[in-house]
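Q: Could you walk me through this model before I go back to the bench? I would like the overall picture and then a few individual residues.

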Amino acid sequence: MTAQDSATRPTRIAVEAAETPGTTAHGSRRTGTLLAALGVTAFSLTFPATAWGLEGIGPWSLVTLRGVLSALIAGGCLLALRVPVPDRRHWAGLAVVGAGVVVGFPLLTTLALQTSTTAHAAVVVGLLPLTTAVFSALRTGARPSRAFWTAALAGAAAVIAFTVQQSGGALTTADLYLFGALLICAAGYTEGGRLAREMPGWQVIGWGLILCLPLNAVGACVALQHESFQLTGHSTAGLLYSAIGSQFLGLVVWYRGMAAIGVPKASQLQLAQPLLTLVWSVFLLGEHLTVAAPLTAAAVLVCIAVTQRARG
């Protein structure tokens, strides 16, 4: 390489980068979609893992122990990489992430799964994309298109009809737990997606877990004194997966995906989660599905294609 080539090389690189912004943006969107999809896949196993955990561990013990284990893993990563403590302005958002994703959603869904099948719970939680999109619009000022909202509402209507039909026309206590979980989780997802634009996604969930560690540690000590605790093959696998796969690794890729493609777009990928969970419920738990469950899951899956093509 000559001196002239060396001198002009940075200029050529800058020009080439400027000439292909669309390619770079497209690659970023594709990567973000892939990461969000990996997160959804990890989340789809959460309910079967929770059902396994409940075979030997009480609900409060299961939730608090998964929070403690996840926080220890996250804390180890933060320490090993010497990640600085977040700015003061980020702590309020991290508190919302912790309340919604680390404590609220796991607790309410675990309580629901004591009396609900994983298949039923999975379809009900199909409303999460809509609630997340609503929270995102209120919190960040996002304005998705009319086609986006039409498809999202269609998916929500299908889930509501399924819930009412399966519950005999009246909502059960488990359904109330699930709807409460939707609201609090949507707030956590929205705030986490916003924070992931300012810090790496794994740090968002990592600090959220650390923030909730004292509460989960105290809760575990109390719960273990009053609930059954038996480590079988299923309960151990369920606890470990819910702590590592769902509570930490799944949220790491999920938040990174949301930061890349936006909260409303990413949230709609979760319409595929009920269908995936139905598959796991059959193969891992041996549940028998009603005709309505896969039909509803397929109906909301169709909405994904529409919402992903609709421009916000």
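A: What follows goes from the whole chain to two helix pairs and then to single residues.

A: This is a predicted model in which local features need pLDDT of at least 70 and side-chain atom pairs count only at pLDDT 80 or more, while totals for chains, interfaces and linings use all residues. Residues are numbered from 1 along each chain as its sequence is written, and side-chain values use heavy atoms, with hydrogens and water left out.

Q: OK, how many helices and strands does the protein chain have?

A: The protein chain has 14 helices and 0 strands, where helices (H or I, at least four residues) and strands (E, at least two) are DSSP runs numbered from the N terminus.

Q: And what share of the residues is buried?

A: Of the 312 residues in the protein chain, 49% are buried; buried means under 20% relative accessible area, exposed over 50%, and partly exposed in between, with a 1.4 Å probe and protein chains only. Among contacts with a separation of 6 or more, 89% are between residues 24 or more positions apart, contact meaning heavy atoms within 4.5 Å.

Q: Let's look at helix pairs. How do α4 and α5 cross?

A: The axes of α4 and α5 come within 9 Å and cross at roughly 150 degrees, the axes being lines fitted to C-alpha atoms, for helices over the stretch in contact, with angles running from 0 to 180 degrees between N-to-C directions. That makes α4 roughly antiparallel to α5 (angles under 35 degrees count as roughly parallel, over 145 as roughly antiparallel, 65 to 115 as roughly perpendicular and the rest as oblique).

Q: Which residues meet there?

A: From α4, Pro-59, Trp-60, Leu-62, Val-63 and Arg-66 meet Val-103, Pro-106, Leu-107, Thr-110 and Leu-111 of α5. This contact of α4 with α5 divides into 8 nonpolar, 1 polar and 1 charged residues, with Ala, Val, Leu, Ile, Met, Phe, Trp, Tyr, Cys and Pro counted as nonpolar, Asp, Glu, Lys and Arg as charged, and the others, Gly among them, as polar.

Q: What about α7 and α9, at what angle do they cross?

A: Helix α7 (residues 128–140) and helix α9 (residues 173–195) have axes that come within 8 Å and cross at roughly 55 degrees, and the two are therefore oblique to each other. By class, the contact of α7 with α9 has 8 nonpolar, 4 polar and 3 charged residues.

Q: Switching to single residues, is Gln-247 buried or exposed?

A: Gln-247, which is in helix α11, has a relative accessible area of 1% and is therefore buried.

Q: So what does the side chain of Gln-247 reach?

A: The side chain of Gln-247 reaches the backbone oxygen of Val-101 at 3.2 Å, and a polar contact of 2.9 Å joins the side chains of Gln-247 and Arg-66. A polar contact is a pair of N or O atoms within 3.5 Å; within protein, one must be able to donate a hydrogen and the other to accept it, and residues adjacent in sequence count only if both atoms are side-chain atoms.

Q: Where is Leu-240?

A: Leu-240 is found in helix α11 (residues 233–261) and is partly exposed, at a relative accessible area of 42%. Leu-240 and Arg-66 are 174 residues apart in sequence, yet 7.3 Å apart in space, C-alpha to C-alpha.

Q: Last one, where is Arg-82?

A: Arg-82 is in the loop between α4 (59–80) and α5 (91–112), and is exposed, with a relative accessible area of 74%. Phi of Arg-82 is near 55 degrees, a positive value in a residue other than glycine.
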